[in-house]
Structure formats: C-alpha cells, structure tokens
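Please examine the structure shown below. The paragraphs that follow lead through several of its parts in turn.

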Amino acid sequence: MRIAIIGIGGVGGYFGGKLALAYASTGAPEIIFIARGAHLKAIQQNGLHLLTKDGDYVVWPNVATDDPDLAGSFDLVFFCVKSYELEYSAHQFKGNIKKNTVVIPVLNGIDSSSRLQGILPHANVLSGSVFIISHIEQPGIIRQEGGACKLTFGTDDKTTARDCTYILDILTAAGINAVLTDKISETLWMKFLLMCPLASLSCATGKTYGEIWADNTLRKKTRDLMMEVSAVAAARHVILTEETIETTMETIGRFGYHSKTSMLLDMEKGNQTEIDTLTAFLCRVGRETGIPTPLHDEILQQLSP
C-alpha cells in the first residue's frame with residue numbers, strides 16, 4: 001500500500017510525520033511526502049524534524065518529491081495543502097490517483113470534498129477534519145504548539161464509513177488520534193464554528209488567540225460570529241447547539257496565549273489567505289440561504305482587497 005501526503009505543512013507534516021515514523025522503515029505501507037522548494041530540499045537532505053508536545057523526532061519518508069512522475073501511484077492520499085491550492089494540487093497529481101484510490105482532504109472549510117470530486121470523479125473521495133496548532137518553523141522543521149492533534153474522517157453514509165475501518169487501523173497504529181465517522185458534515189461545521197470566526201476576527205484585529213480571549217469585547221464578538229455560523233449551518237441542515245457554541249468558546253481559552261490562526265500568519269507574511277474558504281464562504285452561503293451574516297460581511301469588506 002502507498003500513502004501520499006500532499007502538502008507537508010503544519011497539518012501534513014505532523015500527521016505525515018507520524019505515519020513515516022511508524023511505517024517508512026519497513027515500507028509497509030510506503031509513505032510519500034509531496035512538498036516543494038526549500039522545505040522539500042531540507043526533508044530530502046536531513047529528514048523532517050517534528051517538534052511536538054509529546055517529543056521531538058526526525059522522520060524519513062520512503063519518497064519525498066514534487067514530481068508526479070517520481071511519486072508513483074497512490075492507494076490513499078491526504079490533501080493537506082492550503083484551500084486555495086487544492087485544485088492546482090489535485091490536477092497536478094491526478095494521474096497518480098487511481099480508480100480505487102481513497103482521497104481525504106483535511107483542509108479548513110466545508111466544501112473541499114465536493115471540489116475534489118469535480119476533478120477526481122474516478123476516486124473514492126471522503127472528507128476530513130483536524131484540530132491542531134502547528135506550522136513550518138523553518139524548512140524541514142514542523143512545530144506543534146497545541147491542539148488535540150485529532151484527525152476525524154469519513155462520510156455521511158454508514159455503509160461507506162464501515163468500508164474505511166482499515167484506514168482507521170493504519171492511523172491509530174501509527175499513534176494518531178483518529179476517528180472514523182458517518183456524520184462528517186457535523187464534524188466539518190463544528191470545526192468551522194471555531195475556525196471561521198477566529199480566523200476572521202484575528203485577521204481583522206491582528207490579535208492572537210489569547211488576546212482575543214482576554215478582551216471582553218472581542219470575546220463577545222467571537223460568540224456573536226459563532227451565532228452567525230450556527231444559523232447558516234442550520235440552513236444547511238446541521239444543528240450546532242447552544243451547548244456546542246459554549247464548548248467551542250471554552251476551547252479558545254485553552255489555546256496558547258501567543259498562538260495565532262493560520263490565516264493571520266499567512267496575512268502577516270504577505271501570503272495568500274484562506275479568506276475565500278472561511279469568511280467569504282459563510283457570507284455567500286448566508287446569502288444563498290437567506291441567513292443574515294452582518295458581522296462576517298463587515299469583516300469581509302474590511303479584509304477584501
């Protein structure tokens with residue numbers, strides 16, 4: 001079996017690193033890293049350094065490349081790229097993905113699987129979600145700062161989910177906190193409930209998780225933003241209860257004070273951000289379903305070029 005991780009950033013580096021640590025020395029399964037630039041060169045020369053809350057490791061995948069011809073075919077592939085790179089990456093490695101290949105996007109946002117299905121109609125596309133705070137500290141080095149390090153994947157169909165238990169076994173045997181679900185839409189919206197308001201507000205204010213939590217006005221605004229997400233989710237037939245909102249709010253208080261959302265980090269570096277996948281997505285779905293999203297609309301107007 002050949003498992004590819006496309007995008008060795010904070011998410012792909014952590015979970016791909018766990019897989020390489022467990023399996024690459026035996027090649028069963030074989031682990032392929034898809035990276036690029038200086039980060040790829042550093043991995044090829046020195047391995048991938050994982051600096052985690054559980055310890056520090058150096059891992060070597062069986063293959064590390066940016067070349068589809070060298071990567072070979074994939075039996076299971078995790079897309080861990082930024083949302084704005086998803087279509088490009090899928091087209092680039094379309095030839096490596098076979099009819100029975102299982103594809104699991106673990107990106108921020110709601111619609112990653114439907115976007116991939118349009119490009120990879122021959123593949124078995126599931127959905128996935130992760131909770132982790134991690135980033136590339138420098139080429140070849142991934143630092144995990146916090147988060148539950150939890151990977152949830154599956155579908156909204158019980159039969160399809162049952163067919164994927166072997167993937168769960170592979171992940172858990174590698175020491176990954178993995179969950180297989182037949183209610184993946186609920187999982188995606190629960191993460192969106194956290195990520196969309198925080199990413200939007202952090203970029204609008206330049207504040208860290210801790211600074212938002214410590215400011216009563218910003219904390220209240222975060223909750224009000226979550227109420228807008230909850231209303232839009234309900235229009236998409238996903239119910240996020242008051243209890244879920246309160247639990248999500250409490251989660252913010254457990255993040256590192258100086259930790260930043262990935263969207264804020266990208267904005268500070270002058271990189272492209274995931275505003276289309278998060279803030280703009282919610283505003284668009286709100287308009288389509290007749291649900292007002294004035295707070296997100298205001299932030300979107302502020303952040304849009």
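In this predicted model, five aromatic pairs are found. One of them brings together Phe74 and Phe93, whose ring centres lie 6.3 Å apart with the planes at 35°, so the pair is classed as tilted. The two residues come from distant parts of the chain, 19 residues apart: Phe74 belongs to strand E6, whereas Phe93 is found in the loop between H4 and E7. Are these two residues buried or exposed? Phe74 has a relative accessibility of 0% and therefore counts as buried. Phe93, with 1% relative accessibility, counts as buried too.

Another pair is formed by Trp189 and Phe192. Here the centres are 5.4 Å apart and the planes make an angle of 70°, an edge-to-face arrangement. Both residues belong to helix H8, where they are three residues apart, or about one turn of the helix. Trp189 has a relative accessible area of 3% and is therefore buried. Phe192 is likewise buried, because its relative accessible area is 2%. Ring pairs join Trp189 and Phe192 with Phe281 in a cluster.

Phe281 leads to another helix. It is one of the buried residues of helix H13, which spans residues 279-289. The others in this group are Thr279, Ala280, Leu282, Cys283, Val285 and Gly286. What covers these buried residues? The covering elements include helix H8 (184-205), helix H10 (216-235), helix H12 (262-268) and helix H14 (294-303). After H13 comes Gly290, which has a positive phi near 75°.

The next topic is the sheet. Strands of a sheet pair through backbone hydrogen bonds, and the pairing may be parallel or antiparallel. In this model six strands make an open sheet, with parallel pairing, in the order E5-E2-E1-E6-E7-E8. Strand E5 (63-65) and strand E8 (124-125) are the edge strands; each has a single partner strand, so one side of each lacks a neighbour in the sheet. Helix H2, residues 37-46, packs on the sheet and touches strand E2 (30-34) as well as E5. The direction of H2 makes about 150° with that of E5. Helix H7 (residues 165-173) lies across strand E1 (2-6), strand E6 (74-79) and E7, and runs at about 55° to E7.

Individual pairings can now be followed across part of the sheet. E6 and E7 run parallel and are joined by five bridges, and Val77 stands opposite Val103 in E7. The route between these strands involves a helix: E6, helix H4 (residues 86-92) and E7 form a β-α-β unit that is right-handed. On the way to E8, two bridges connect strand E7 (residues 97-105) with that parallel strand. Across this pairing, Val102 faces Asn124 in E8, and Val103 stands opposite Val125 in E8. The chain passes from E7 through helix H5 (residues 112-119) to E8, in a β-α-β crossover that is right-handed.

Thr101 offers a closer view of strand E7, in which it is placed. Which residues does Thr101 contact, once its neighbours within four places in sequence are left aside? They are Phe74, Asp75, Leu76, Val77, Ala123 and Asn124. The side chain of Thr101 also reaches the backbone oxygen of Phe74, at 2.6 Å. With 1% relative accessibility, Thr101 counts as buried, because the limit for a buried residue is under 20% relative accessible area.

Some backbone details remain. Ala28 and Pro29 are joined by a cis peptide bond, with omega about 0°. Pro29 is placed in the loop between helix H1 (10-23) and E2. Cys149 has a phi near 55°, which is positive although the residue is other than glycine. Cys149 is in strand E10 (residues 141-154), and its 9% relative accessibility makes it count as buried. His237, also a residue other than glycine, has a positive phi near 70°. His237 lies in the loop between H10 and helix H11 (242-252). Is His237 buried or exposed? His237 has a relative accessible area of 74% and is therefore exposed.

Key:
Residues numbered from 1 in each chain as written. Predicted model: local features only at pLDDT ≥ 70, side-chain atom pairs only at ≥ 80, totals over all residues. Heavy atoms only, no water. Pairing = 2+ DSSP bridges. Helix = DSSP H or I, 4+ residues; strand = E, 2+ residues; numbered from the N terminus. Contact = heavy atoms within 4.5 Å. Axes fitted to C-alpha atoms, helices over the stretch in contact; angles between N-to-C directions. Buried < 20%, exposed > 50% of the residue type's maximum accessible area, 1.4 Å probe, protein only. Polar contact = N/O pair within 3.5 Å; in protein donor to acceptor, adjacent residues only side chain to side chain. Right-handed = clockwise from strand over helix to strand, strands pointing away. Phe/Tyr/Trp six-rings, centres within 6.5 Å; stacked < 30°, edge-to-face > 60°.
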